[in-house]
Amino acid sequence: MKPSTRRRLFRGVLYAIFIAAVAAVILVADWEAIRTSFLNPEVFGEQFPAIITTAAKNTIIYTVIAFIGGLLLGLALALMKLSPVAPYRWVATAYIELFRGLPALLVIFAFAFAVPIAFQWRPPGGTAGAGLIALIIVSAAYMAETIRAGIEAVPGGQLEAARSLGMNPSWTMVSVVLPQAIRIVTPPLTNELVILIKDTSLLFIAGMALNQRELTTFARDGVSQYANATPLVAAALMYLIITLPLTQLVARLEKRNKRGR
Amino acid sequence: MTEPSLSQDRPAIEVKELCKNFGDNEVLKGIDFHVNQGEVVCVIGPSGSGKSTLLRCVNRLEEPTSGTILVEGVDITDPETDLDKIRTRIGMVFQQFNLFPHLNVLGNLTLAQRRAKRRGKAEAMEVARQNLEKVGLANRENAYPAQLSGGQQQRVAIARALSMNPDMMLFDEPTSALDPELVGDVLGVMRQLADEGMTMMVVTHEMGFAREVGDRVVFMDGGVVVEQGKPEDVLGNPQHERTKAFLSKVL
């Protein structure tokens, strides 16, 4: 058999398998059940407007708080990890390894229920607020490593140029290294943001007042209320509306950075 | 800002018994070297001879292993010396330009003036514009480094160093990363600086520049100064075999 014939034959087989699989799904799937359980128009309509005015809004608020908090704490940890003073490096390394090694759910659970009882602590925003603090603490560990890598990716010649002009180490970091590092880490940090949007769903474990509910808690309550899975589909749509533009943005930023250097 | 006045008889740079090791690799093996006020000294030699390391030790971008380095009589190897202050008096130009890519040309020229010399914005801008004019790039003050050719970037880098009003300039192979047709502009600016009486230490492979602009040529090989003297003597009538061998390859 000629190689070109063999290639064509192989491709034909791949198409045949694909068509057979699609046909099987269409024939086997219980469309009626899917429609009534997942795509019930009345239940879908009932989700609005609260799914936007409360749930999506809270998801975005929690994400922004966790991201900004994680970014500031992560920057501090990254600078500690690069510090000439050894104990700072040890603390930062221990922190990062600890919180990257634990499930976020466990940390949130501990902050929402164990820590307040043990230390007689009344977290702002109740157990949900405590869970949010846990999310900040966990995300800071990931962002610290990203920021550290960004700082180290700034070419050594930049430091030498700044120091040779008589700028001290602090000014060199603030006006020469960090501005360039931020540009380098923007795509990975945007990725962290997308992950964080999804991780706010873990806050459901903390328990929330009605007006504190974010998308996943809201959807879960909806499933119980209507004995129908449509609220999950509505929440999923909301997540995608928020995350898809961001993942597109990451792709564009990465392309721009590749061109830039 | 007032600088302490300099006595003319003291060398601008004085290096005594300088040694530098990178691990087991001895790069500088007891260098004695000086640059007088207003003198242009060109350091030549094969790659790996230690000439760039010597230059980088003079503003302590490299930490010397042993020996002393006096800049205008101040021992910069003394831990008590304020290095940042000394460095504002030593301009440095790198092979790879090392302009700050996130700042435009004016930003590159004013940043260290403001942060290290504590000049006001208006004064820093004025000094920057004067020096841009000097290197022939007055019309590019808003360009970003990525928008400039290599030759233009290197001239901006020279203007950036000059904006600190240094007493001396160090050049580390300033034309080695340039396309051949762009070398002339950069050498022209350096020649003009030399004519104005700037103290210069130039590590270079440009023998024509060393011959025409240099007051003295220093030939280094294997981490030692092999031979030095007037350009016409070292380049035209070398005394040492190693100098002859090197020059026969590059001339």
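**Exercise 1.** In this predicted model, determine in which helix A:Ser164 lies, and decide whether A:Ser164 is buried or exposed.

*Solution.* Begin with the secondary structure: A:Ser164 belongs to helix H8 of chain A, which covers residues 156–164. Next, take the relative accessible area, which is 4% for A:Ser164; because buried means under 20%, A:Ser164 is classed as buried. Then look at the polar atoms, where a polar atom of the A:Ser164 side chain is found 2.9 Å from the backbone oxygen of A:Ala161. Finally, list the contacts beyond four places in sequence, which are B:Asn59, B:Arg87, B:Ile90, B:Met92 and B:Phe94.

**Exercise 2.** Locate A:Val223 in chain A, classify its accessibility, and find which residues it touches beyond four places in sequence.

*Solution.* A:Val223 is placed in helix H10 of chain A, residues 215–226. With a relative accessible area of 26%, A:Val223 is partly exposed, since that class falls between 20% and 50%. Once residues up to four places away are set aside, A:Val223 touches A:Asn228, A:Ala229, A:Pro231 and A:Leu232. As a last step, compare positions along the chain and in space: A:Val43 is 180 residues from A:Val223, yet their C-alpha atoms are separated by 9.6 Å.

**Exercise 3.** Work out the strand order of the open four-stranded sheet in chain B, and identify its edge strands.

*Solution.* The order is S2-S1-S4-S5, with antiparallel pairing. The strands that pair on one side only, and are therefore the edges, are S2 (25–35) and S5 (74–75) of chain B. Within the sheet, strand S1 (residues 13–22) is joined to the antiparallel strand S4 (residues 66–71) of chain B by five bridges, and B:Val15 has B:Ile69 in S4(B) as its bridge partner.

Methods: Residues are numbered from 1 along each chain as its sequence is written. Chains are lettered from A and ligands numbered from 1 in the order in which they are written. This is a predicted model: local features need pLDDT of at least 70, side-chain atom pairs count only at pLDDT 80 or more; totals for chains, interfaces and linings use all residues. Side-chain values use heavy atoms; hydrogens and water are left out. Helices (H or I, at least four residues) and strands (E, at least two) are DSSP runs, numbered from the N terminus. Buried means under 20% relative accessible area, exposed over 50%, partly exposed in between (1.4 Å probe, protein chains only). Contact means heavy atoms within 4.5 Å. Two strands pair if DSSP finds at least two bridges between them. A polar contact is a pair of N or O atoms within 3.5 Å; within protein, one must be able to donate a hydrogen and the other to accept it, and residues adjacent in sequence count only if both atoms are side-chain atoms.
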